[in-house]
Amino acid sequence: MDTINLRQLLQRYKSGYSLEQAFYTSPEVFDAEWEAIFRKNWLYAGNTAQVKEPGDYFLYQLRNDSVIIIRGNDGAIYAHYNTCTHRGSAICLQDSGHVSKFICPYHQWVFDKDGSLLNARMMPDDFCKEEYNLRPAKVKVVGGLIFICLANDAPAFSPIENSLAPYLKPYAISKAKVACIKNYKLTANWKLVAENFRECYHCGGAHPEYCKAVIGANLREDVEELTIDRQKNWSAKGLQTKLVEITGGTTTYAIRYPLRPGVESYSVDGKKISIPMGLHKDHDAGVVGLVNYPNFWMDAVSDYVWTMKVTPVDAFTTDVEFCWLVDEKAEEGKDYTLERLTEFWEITGAQDGALCENNFKGILSNAYRPGPYAPVEDQVINFVDWCVNELKKA
Amino acid sequence: MDTINLRQLLQRYKSGYSLEQAFYTSPEVFDAEWEAIFRKNWLYAGNTAQVKEPGDYFLYQLRNDSVIIIRGNDGAIYAHYNTCTHRGSAICLQDSGHVSKFICPYHQWVFDKDGSLLNARMMPDDFCKEEYNLRPAKVKVVGGLIFICLANDAPAFSPIENSLAPYLKPYAISKAKVACIKNYKLTANWKLVAENFRECYHCGGAHPEYCKAVIGANLREDVEELTIDRQKNWSAKGLQTKLVEITGGTTTYAIRYPLRPGVESYSVDGKKISIPMGLHKDHDAGVVGLVNYPNFWMDAVSDYVWTMKVTPVDAFTTDVEFCWLVDEKAEEGKDYTLERLTEFWEITGAQDGALCENNFKGILSNAYRPGPYAPVEDQVINFVDWCVNELKKA
Amino acid sequence: MDTINLRQLLQRYKSGYSLEQAFYTSPEVFDAEWEAIFRKNWLYAGNTAQVKEPGDYFLYQLRNDSVIIIRGNDGAIYAHYNTCTHRGSAICLQDSGHVSKFICPYHQWVFDKDGSLLNARMMPDDFCKEEYNLRPAKVKVVGGLIFICLANDAPAFSPIENSLAPYLKPYAISKAKVACIKNYKLTANWKLVAENFRECYHCGGAHPEYCKAVIGANLREDVEELTIDRQKNWSAKGLQTKLVEITGGTTTYAIRYPLRPGVESYSVDGKKISIPMGLHKDHDAGVVGLVNYPNFWMDAVSDYVWTMKVTPVDAFTTDVEFCWLVDEKAEEGKDYTLERLTEFWEITGAQDGALCENNFKGILSNAYRPGPYAPVEDQVINFVDWCVNELKKA
């Protein structure tokens, strides 16, 4: 295969058209993206409801790096690379769990939850324990969402925090109940998954369930009047309605929009799924749609939060994690069922997964050429522009 | 791994000896062959009996390129790359089927069977539809066989046409019935599969069923007198008997040879398989053996046609498709059974598949050296010479 | 990925610390090791009890090279590359078996057990058979263990022979019974498997069964007095006790050490497994531990021999073969059961396999850095130093 000339690829990029094939298929471009995008920016890792007690942890696999997200004795969230400072063994072997201390399974070196090396048996007297703490990644938390950064110089987190906090507050995620987490593996470049979730040009043809729940998703219904009316109502209740768009230096998009009148939740039958979540008192909060480039999507309704974490594996493969959260007091079987809770996004997600995989298959063709995005795909253009800019910066 | 110096490899090639290891195992040589051989020459794609009605289509996967072969409204055969001109999605998702129009599953752009873009909804007024037709590949048909070419400058098709047409005519393939198509994946370089099907030095040891049907296949029986006698008989019936050999500029081999006296068809018991096919009136037409480099083999008897399509996947993997055709009027269960129809080539093909895979395993060894072909392997030498020449030309 | 600068990697190596990541993960380093270590040194292939009769053979797969180990008509052991000198086909298709002659399955060329070409049918008169014998690898046998070397200039075998012979003699392996052979595939660099089997720093935490059988394996028990006492006893019986260490130019380690008092064999319950093996008269011979870099480990007790053959597949994958040998007269069901014979090393081996795979997972992390070996890991340092030296020599 020809070596990719990334500089020329970037120069040839024409905003408004889909990317050249190599952006979606070349391992070299993928490596460059990994460095310029995934190892530079804040990445959504999970939420604090997954680690309620000190010692609760889960792993986030980022290519070859397994990162341990754990709540410390002080209640703070820590992120450590999952590799022992002795001979490199993985320390946590389960995807999630609880530890009182980390004990490496190979030679039993012992680390505290904050990563400090507590004991390294049979090492010589001059061994300096302080030099062999677990290696950390940076961590920030906003409204119960945990973001990590693999860079030495992490970008400022405040723009993300300021945009997300007011939207997240009513959901009280840190107290919420993690009802379900599911993982999917797609044979498609990660950007195709991201692009798919930034436009509704495909919704009318592909998502009957989604279009039934969301007025205007088919792009054939006028929702302006309804939206203005609902926004007044939401503001009166103290719910955030201010649109946040992704501009020059930012990575966050946030919006609140209405469900179809009469629809109470993201559900196939339009009826509510669970009891109102967090501070919500009714099923009338519409949809909160949040995006943070490069890997975070969230769609929340009055009674549940759905998050999507997009993690590239290689140029051809993308891991997608869905997580469903409900109110801390919601009881399974009584207030909600797992089947109804997950049905809407399992159906819609499977439709999107197939579209992404088909998109990728076609792009593999030698006959593929960048095509023109439709005007309604402007958010896709925004995302692709952002990717190209991140690569140009690096 | 060392980078392959293809030029030196080609210079070192010694006709009469098998190729050096790198020709069979190197991804770089494979890429060079793909460009010099598979993207330059006419490739057998399938037959017209697979697409009898306008809108009938099937796909041919050539590495990353999926090509749609479809019959148009005008009855002609078209070949389109299966990638939407909007954002690249694959358009046809099934290996074969029927469409009235192509509708891209992603954003519902609509294309006619001939590839023209009929509708791209919500695109701006200045959008020029004519620039976004499906991208075509070249197509030719001879005697019901469909050949495509991925090159911009396709070589002349007339030598192939002139050689094949007289042999194909009596089978009336365009009207025939596709009784069965089966696909096999071999762990072997594609050239080993081609070499295997160009010699019968191995037949005596490997193919008892084949040798029982074909007199002389074991290379121990003298068939000259019988052949001369049969040729007179075939000529008298108007059946083509003229041997076509592959020379300097050509790619086609064609021959008619006798079955063992008393044997009526390619069958394990020597008895007929179905009713005479097409224009044939009896079970006495012998075997028509056709080859077209690089990917087509056909062995036809009086009552059925068997074709083999050889498609490289990578240096280590080869797809092989067998297709069995019978007369349009033959009824399954009455005139033939699928089991008897496919038995002979399933057995013989499995024997050959194992030989090819074993051959490839041994060639992987560092101790492998090009070995001398036997005089009876002269057609293998012809094939290998042809491959080397195609690479030298490019 | 960056091209690895092997020279700089080797220069940066600091004895006493684990290797840099690239030594465990880079395909380029792996290729260099294959040439400098595996294609230069004597490799354990199997034992003579596997090929008792002329014509008995087994295959040893070394990356792309399949090597046939066969006993010849003269009783000697031969090693041939498993590739026909005609067109390269693999000749032996089963992992082990018996042949009177080699007959290539493709075109029936016939070779004798010693590799000479006996018959190549239909070749021209001037064909020189002597030039087309099977290509040989070098073979040596010591005490029933078969070693091969893929190099043209094999290193002297006498240091290995002199070290191993006295330890092997009492087991009479050439007459022994091969009770069981099992193969495992580990997702770990081969050196991690070798390192694991060169230290007992992990034994206390990982191997309860092993520590129950072997006094001192937990590194918390003083065994000096016991060992001195036992050595006098072993010497009196004529059993070798002289420690062989791996120094500058050698590859062999050999030791005899005691089982826990009261323990009769490597068994989970500490009781004997079978009748005394070979020349042994009792269950009191302790453990004979043998190592030969790069691929051979053996732990033998009075009543059985267990060998481990470590074969790299690629930088990420390692094949491990366990073989259990018992006395020629031992009858399954009466003198031993397969379940009890294999239980101890299946349990211990599975524990080690998991440790190696976890070690490898953690080393894949970008946060992995070479860590300090503990003083009790001095034999690991010896092994890693040896690997680095072999690479530096080449």
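**Exercise 1. The interface of chain C and chain A**

What is the area buried between chain C and chain A, and what percentage of it do carbon and sulfur atoms give?

*Solution.* The structure is a predicted model.

Step 1. The size of an interface is often expressed as the accessible area that is lost when the parts come together. For chain C and chain A, the buried area is about 2300 Å². Carbon and sulfur atoms give 52% of that area.

Step 2. The residues in contact are then counted on each side. Chain C contributes 30 residues and chain A contributes 27 residues.

Step 3. Polar interactions are considered next. Three salt bridges are found across the interface of chain C and chain A. One of them pairs the side chains of C:E195 and A:R87, at 3.4 Å from N to O. This distance satisfies the cut-off, which is within 4 Å. In addition, 15 residue pairs are in polar contact across the interface of chain C and chain A, both residues being at pLDDT 80 or more.

**Exercise 2. The interface of chain B and chain A**

Describe the contact between chain B and chain A by area, residues and salt bridges.

*Solution.*

Step 1. About 2300 Å² is buried between chain B and chain A, with 52% of it on carbon and sulfur atoms. Within chain B, the residues that lose the most area to chain A are B:R87, B:Y106 and B:M122, which together make up 31% of what that side buries.

Step 2. On the chain B side 27 residues take part in the contact, and on the chain A side 30 residues do.

Step 3. The interface of chain B and chain A holds three salt bridges. Among them is the pair of A:E199 and B:R87, whose closest N and O atoms lie 2.9 Å apart. The side of chain B that touches chain A comprises twelve nonpolar, nine polar and six charged residues. Between chain B and chain A, 15 residue pairs are in polar contact, both at pLDDT 80 or more.

**Exercise 3. The relation of chain C to chain A**

By what turn and what shift along the axis can chain C be laid on chain A?

*Solution.*

Step 1. A turn of 120° and a shift of 0.0 Å along the axis lay chain C on chain A, with an RMSD of 0.0 Å.

Step 2. The two copies are therefore related as by a three-fold rotation axis.

**Exercise 4. Disulfides and unpaired cysteines**

How many disulfides are counted over all chains?

*Solution.*

Step 1. The count over all chains is three disulfides. In chain A, the disulfide joins A:C200 to A:C203, with an S to S distance of 2.1 Å. In chain B, B:C200 is joined to B:C203, S to S 2.1 Å. In chain C, C:C200 is joined to C:C203, S to S 2.1 Å.

Step 2. The handedness follows from the torsion. The disulfide of A:C200 and A:C203 is left-handed because the torsion about its S-S bond is about -85°. The link of B:C200 and B:C203 is left-handed, with -85° about the S-S bond, and the link of C:C200 and C:C203 is left-handed at -85°.

Step 3. Burial is assessed with the cut-off of under 20% relative accessible area. A:C203 is buried at 3%, B:C203 is buried at 3%, and C:C203 is buried at 2%.

Why does C:C92 form no bond with C:C104? The sulfur of C:C104 is the closest cysteine sulfur to that of C:C92, yet the distance is 9.9 Å, which is too far for a bond. C:C92 is buried, with a relative accessible area of 5%. For C:C180, the closest cysteine sulfur is in C:C323 at 8.1 Å, too far for a bond. C:C180 counts as buried at 13% relative accessibility.

Definitions and conventions:
Residues are numbered from 1 along each chain as its sequence is written. Chains are lettered from A and ligands numbered from 1 in the order in which they are written. This is a predicted model: local features need pLDDT of at least 70, side-chain atom pairs count only at pLDDT 80 or more; totals for chains, interfaces and linings use all residues. Side-chain values use heavy atoms; hydrogens and water are left out. A disulfide is a pair of cysteine sulfur atoms within 2.5 Å. Buried means under 20% relative accessible area, exposed over 50%, partly exposed in between (1.4 Å probe, protein chains only). Contact means heavy atoms within 4.5 Å. Buried area is the accessible area (1.4 Å probe) that two parts lose on being put together, summed over both. A polar contact is a pair of N or O atoms within 3.5 Å; within protein, one must be able to donate a hydrogen and the other to accept it, and residues adjacent in sequence count only if both atoms are side-chain atoms. Ala, Val, Leu, Ile, Met, Phe, Trp, Tyr, Cys and Pro count as nonpolar, Asp, Glu, Lys and Arg as charged, and the others, Gly among them, as polar. Copies are superposed by least squares on the C-alpha atoms of residues with pLDDT of at least 70 in both.
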